[in-house]
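Please find below my notes on the ligand site and on one of the pockets, set out as numbered points.

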Amino acid sequence: MSSQSPALRAAILIVSTTAAKDPSTDAAEATLRSVFEQDGGNQWTVAETHIVSDHSAEIQRQITTWTEPVEEGKHINLVVTTGGTGFAIADRTPEAVSPLLHKQAPGLVHGMLAASLAITPFAMMSRPVAGVRNKTIIITLPGSPKGAKENLQAVIKTLPHACLQAAGANSRALHSGGVKKLEKEAGVGSQGLAQAQAHTHGHSHSHHHDHGHSGHRHTHSHGHGHGHNHGNLVRLSSENPKSNDPSLGPSRRHRSSPYPMLSVDDALSLIAKHTPSPTTTTAKVTPDLVGKVLAQDIYASAPVPAFRASIVDGYAVVVPSSGHLRGVYPVVSTSHAAPSSNLVPLKEGQIARITTGAPLPPGANSVVMVEDTVLISTTKTTHPTTGQEIEEESSVEILSDGIVKPGANIREIGSDIPLNTLLLPSKTRLSPASIGLLSSIGTQSVKYYSPPTISLLSTGDEIVDPSLPRELSLGEVRDCNRPTLISVISQAGFTPLDLGIVSDKQSNLETTLRQALRSSDIVLTTGGVSMGEFDLLKPTIERSLGGTIHFGRVNMKPGKPTTFATVPVKNNDGTKSQKMIFSLPGNPASALVTFYVFVLPALHQLAGISPAGLPKVPVVLGHDFPVDKSRPEYHRAMVTVSKEGKLIATSTGGQRSSKVGSLEGANALLTMPAHDGPIKKGEKIEALMMGELRSELA
Ligand code: AMP
Ligand code: MG
């Protein structure tokens, strides 16, 4: 079955009364053709297609025609029908096909159903049959194009082998290499079905799409049943799930974690590697951009100031070559800080009244402050617009002793911001001052990194919404993680999407996670990642969502069961992207610490912020710190600037991972190495700064 093998010939039978009347309503043919082309490993030619209505006789006539014995090499290897497999009265394809089968192929039926059932129990609503007639394999696919596609994808890798056998190939030769060889040739692994689906199993039915096809198809898509609430998640079975299969009993459950214990650094590298590149947005320059990260260099497209301007209120002068100005001068004009088109040039021996920020008259080369002058005489004139009589300065004495330098009290063109200077390099996090700079050079819009979206949920049957004004029953615990994490995420400048509390039930978890994956770049969960039977995050990610767990255990305290996974998700435009799931431990201190250590860096990376994560600061221990022998510890502490300017760290108390109180009043996490015996007072340790420094002064 190499690429030199002759092409296998497939025939597609569309069973649809609607499509029989109007073939343009059929979408299944094109979909199935593309499965043969894309997933068929270059082994298939679609040799025949035909449309019949939901009539047994028509279905049977076409299939018998295609499966008649013909001369060697001319026969159809595979007939796939699409449509008529549901429970509607008109659905009769399986009944029409069954009597034609010389041999039943329940394995293929099972393969298709298992793939669908892995997605939804509604797969039970499909009634496929499969088997062999003469030398041809026949399979009945559901009517919805997406369902048909999924079912065909579930078995297509194994069909060439079945077809060759059905066509009479020497079985012994075919099987000579053993099942491993067959799997290799078919591009599937020992996980069999899961692998066969692996890279192709699209799972993106939209309710609208399936049902919008036609009235006839409507019933079929019910029959197939997928996609009523699975949105656009790509179905992709995890290659090698390590997690517990929740359907297994206690005796077959893992008693120690099957996930390798990673160092924090290795875990962080994996996160960095699997964090997608940031995307960008362009928006008008407004104060709303504060906090956004520039995705372009900004050059000054105009100098600031744009004209020679006075720094003070006073008199514009032309400094004579001697530099001495003392004397009485006629005031020949006035320049205000206002748009001005006809400034009279100034000559040596004349002065002009000028206000702060006003343009200098041409020829002027210095400004004398009003404080260094005396008014000598005034004249009366008529105001040009109001017609009122006003008094104006006519001569002023300049008192300056000594030399006046040309250029004094003048802001030259571009002296604040020269033309074409790099004003704000890409990756700058915009501050209020940056908005000022952008405004002053007249930048209209900028490109910035789109802020990532993050949704979060708490898990646990015992978790109760803290807003419920009631006493707790035995075993109940108020949700502390979600409000805390929402606060930190907001404080870090991101917008969290709150998905509430989800019970420890796999179907609930799966539904909420799918919703979360559709609506955000990062999904954050707490709880359910330990070793208990209700710790369902890992199995749900691996087994229901087809995600890949990159790590499920980290050598740290607190936070050992922290889990990071990516899940392929199909976007509305048909492209696929990887979404990230961080499943943090449920204990409140663990959840917050692991958020800072693992999730914040990913958020930062997605937002274009670097360096990513909390700022690292060297601090000195203010007392001995007890530490763990085997696991590096993140110790909640208060870092204070001493009167001498040293950064001193003191513990905020008991470090048990459930103890949220030790985080209250902590502004830092000290990264304590694993060590036998305490780390001594005076030692230098790296701290991750969560909050503002406290100062011993004031
Ligand atoms: P888990 O990680 O689900 O095994 O939970 C570990 C511990 O954290 C248990 O005592 C839970 O009750 C507690 N816990 C889990 N989630 C939360 C939460 N959202 N708020 C407060 N405590 C929690
Ligand atoms: Mg739990």
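**Notes on the ligand site and a pocket**

1. A backbone N or O atom of Cys-480 lies 2.9 Å from a nitrogen atom of ligand 1, where a polar contact is a pair of N or O atoms within 3.5 Å. The model is predicted, so that local features need pLDDT of at least 70 and side-chain atom pairs count only at pLDDT 80 or more, while totals for chains, interfaces and linings use all residues. Residues are numbered from 1 along each chain as its sequence is written, chains are lettered from A and ligands numbered from 1 in the order in which they are written, and side-chain values use heavy atoms, with hydrogens and water left out.

2. Two oxygen contacts should be read alongside that of Cys-480: a polar side-chain atom of Glu-462 is placed 2.5 Å from an oxygen atom of ligand 1, and a polar backbone atom of Gly-528 is 2.7 Å from an oxygen atom of ligand 1. Of the 480 Å² of accessible area that ligand 1 has on its own, the protein covers 79% (Shrake-Rupley method, 1.4 Å probe).

3. Around ligand 1 there are 17 residues, with Glu-462, Asp-479, Cys-480, Gly-528 and Gly-586 coming nearest (a residue is near if one of its heavy atoms lies within 4 Å). The shell divides into four nonpolar, nine polar and four charged residues, with Gly counted as polar and Cys as nonpolar.

4. The second largest pocket has a volume of about 520 Å³. Among the 22 residues that line this pocket, Val-488, Gln-491, Tyr-596, Met-690 and Gly-691 are the closest to its centre (on a 1 Å grid over the protein atoms alone, a pocket is an open set of points where a 1.4 Å probe fits, with protein on both sides within 12 Å along at least five of seven lines, and lining residues have an atom within 4 Å of a point).

Conventions:
A polar contact is a pair of N or O atoms within 3.5 Å; within protein, one must be able to donate a hydrogen and the other to accept it, and residues adjacent in sequence count only if both atoms are side-chain atoms. Grid points are joined across faces, edges and corners, and a volume is the space filled by probe spheres set on the points.
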